Amino acid sequence: MIEAANLSKHYRKKLAVNDLSFKVETGKVTGFLGPNGAGKSTTMRLMLGLDNGGGKTVYDSKPLHGYTQPSSIVGVLLEAKAFHPTRTARSHLRVLAAAGGIPDSRVQEVLDIVGLSEVAKKGPGKFSLGMSQRLGIAAALLGKPKYLLLDEPANGLDPEGMAWLRQFLKDYAADGNAVFVSSHLLSEMSQMADNLIVIGKGKLIADTSVKELLAKSTHRDTFVRSSKPTELKEALEKAKLSFAETDGGIVVNKAKSDEVGELAFKAKVPLQELTNRGASLEDVFLELTVGAEEYVGHTTEGGKQ
Amino acid sequence: MIPALKAEFRKLLTVRSTYVITAIVTAIVIFVAFYLEGWLLKGPTLNDPNQLSGDVTGALNVTVFGAIVAILLMTHEYRYNTVIYTLTSSNSRNKILLAKFVTVSVYALVLAAFIGLLSPLMSYLGVHAHGHTLVPQTLHYADLAWRSLFYGWGYAMAGLLLAVLTRNQVASIMSLFLIPDLAEQLLGFLLFKHNAVYMPFHALVQVINGPSQGDPTSSNLSPAKAAGVYCMYLVVGWIVAWILFVRRDAN
């Protein structure tokens, strides 16, 4: 298990990470979410001892520098393009293998795993972002580490690559390892992660399982379609439920499908469709991080998005 | 420590710049020694018994390229962010920096030895290719060897030191050229006057050139003393650099 305790980091006057504590369990994929500038990358750097700051992180009760070969404990991907552009992909991995005390034979194995064997003799300077991510994942896997810390590994991957990564990380965790992965691709995360840690402005917002997080959300709608929409709307108004008309139906806000179904039955309104629309991870994420965004875009020059 | 060393040597030997720079050094030494100091040699210089030893000390000016290799070995880590991997692969930053120190030292010493051997050989071949003959040469092998090796190593260590301090390729290379040629010249004029020789790169040059006759501003240190002065600067600089490397954020 990875245990991060009281992590904190200041950049001059700005508090980037604020007394952050959490655990990453083995056997699970733990997603790490937060708006841009929330402190995700800084947190990962603190966990690896790359940056100086407060708090400590232990891997199976020992700090990373307490291990003789740290790369066999933690595999790291913090930046896709972290390589010399003209050093071949194979040489890049051979350098990292040497640094970690890993046999060279492992280099070909990881190249095969990520599907880069055919370009192993090329300099990665001209690799696409997706290929660079694969090389970064190969580097992280070199030491067959128990823990993987990956910062936005799905960025730039094609759909096939994403599906491969999702399954690979789930399998890797299922083998008794722990995967700690940050991503902005929330749909991807909802399919991949077992647990989620959400931060905003450097503070912990949520540390729970994906199921629990979705269940807690207030964002719960029901889509209903009827041949008598006027009667249905009257029944909804009587029941003081808010709703909105959409193409071909009505979305009833904050109501479960059984509640709407019962209402329609009592009003003798026939229904063609009745569907629960549970919260998506994106809905929950936006709900949780409201006010914790560092950077907010605008739809027009006048108003917020 | 061994994995860190192995990794540093692989870094050095798997980038094009190491080979390009070494090739440039070789080409310059061959051209200067064979053509300028050999083929074109004529008149009384053919009768100078110190001609070849002078060629060695002159050729060693190109060891500045060794310092550039040292700078690239360090600053590529920051430019391409591979320092993330370097620092997370080892359990001690001290081991990493020591590995870089040893790797650069070995490269610099091999380069200086190579130049020290290639230069007189090319000069000798140049003279004979033109049909001339040199008088028997006086070569103090041990003296020449330590001064050459120290000069090459010293320059590379300065390069590595600047790279550790600045963590920036352009800034390190600019500093490497500006400090000896501009900063020290100005300081020499303004502050030190007759004691300019106590400045680091002036001292380093004294190691290889020895005390020059009749120049009161730069001629009062023996090679051994000049090496001592230079080492003092290196030690102080490296203490600061080492502390910064261990304590600073990765990049």
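**Exercise 1. Describe the fold and overall dimensions of chain B, stating which kinds of secondary structure occur in chain B and how many of each.**

Solution. Read from one end of the sequence to the other, chain B of this predicted model follows the pattern α-α-α-α-α-α-α-α-α-α. Counting the elements gives ten helices and zero strands. The next step is to look at the extent of the chain: along its principal axes, the C-alpha trace of chain B spans about 60 × 45 × 30 Å. A compact globule of 251 residues would have a radius of gyration near 18 Å, and the 20 Å of chain B agrees with that. As a last step, consider the packing: 51% of the 251 residues of chain B count as buried, and among the contacts in chain B with a separation of 6 or more, 81% are accounted for by residues 24 or more positions apart.

**Exercise 2. Decide whether B:Lys100 is buried or exposed, and place this residue among its surroundings.**

Solution. Begin with the location: B:Lys100 lies in helix α6 of chain B, which covers residues 93-129. The cut-off for a buried residue is under 20% relative accessible area, and B:Lys100 counts as buried because its relative accessibility is 1%. Finally, setting aside the neighbours within four places in sequence, the residues in contact with B:Lys100 are B:Glu8, B:Lys11, B:Leu73, B:Met74, B:Glu77 and B:Leu160.

**Exercise 3. Characterise the interface between chain A and chain B, beginning with how many residues each chain brings to the contact.**

Solution. First, count the residues: 36 come from chain A and 25 from chain B. Second, take the area: the two chains bury about 2600 Å² between them, with 54% of it on carbon and sulfur atoms. Of the area that chain A buries against chain B, 21% is supplied by A:Leu50, A:His84 and A:Arg87, more than by any other three residues.

Third, turn to the polar side of the interface. There are two salt bridges between chain A and chain B, and one of them joins the side chains of B:Asp249 and A:Lys9 at 2.8 Å, N to O. The rule also finds 13 residue pairs in polar contact across this interface.

Fourth, ask which elements of chain A give two or more residues to the side that touches chain B. These are β1 (2-11), α1 (40-48), β5 (74-77), α2 (89-100) and α4 (129-141) of chain A, and α2(A) gives the most, with eight residues. By residue type, this side of chain A divides into 16 nonpolar, twelve polar and eight charged residues.

Note on methods: Residues are numbered from 1 along each chain as its sequence is written. Chains are lettered from A and ligands numbered from 1 in the order in which they are written. This is a predicted model: local features need pLDDT of at least 70, side-chain atom pairs count only at pLDDT 80 or more; totals for chains, interfaces and linings use all residues. Side-chain values use heavy atoms; hydrogens and water are left out. Contact means heavy atoms within 4.5 Å. Buried area is the accessible area (1.4 Å probe) that two parts lose on being put together, summed over both. A salt bridge is a side-chain nitrogen of Lys or Arg within 4 Å of a carboxyl oxygen of Asp or Glu. A polar contact is a pair of N or O atoms within 3.5 Å; within protein, one must be able to donate a hydrogen and the other to accept it, and residues adjacent in sequence count only if both atoms are side-chain atoms. Helices (H or I, at least four residues) and strands (E, at least two) are DSSP runs, numbered from the N terminus. Ala, Val, Leu, Ile, Met, Phe, Trp, Tyr, Cys and Pro count as nonpolar, Asp, Glu, Lys and Arg as charged, and the others, Gly among them, as polar. The radius of gyration is taken over C-alpha atoms; the globule rule is 2.2 Å times the number of residues to the power 0.38. Buried means under 20% relative accessible area, exposed over 50%, partly exposed in between (1.4 Å probe, protein chains only).
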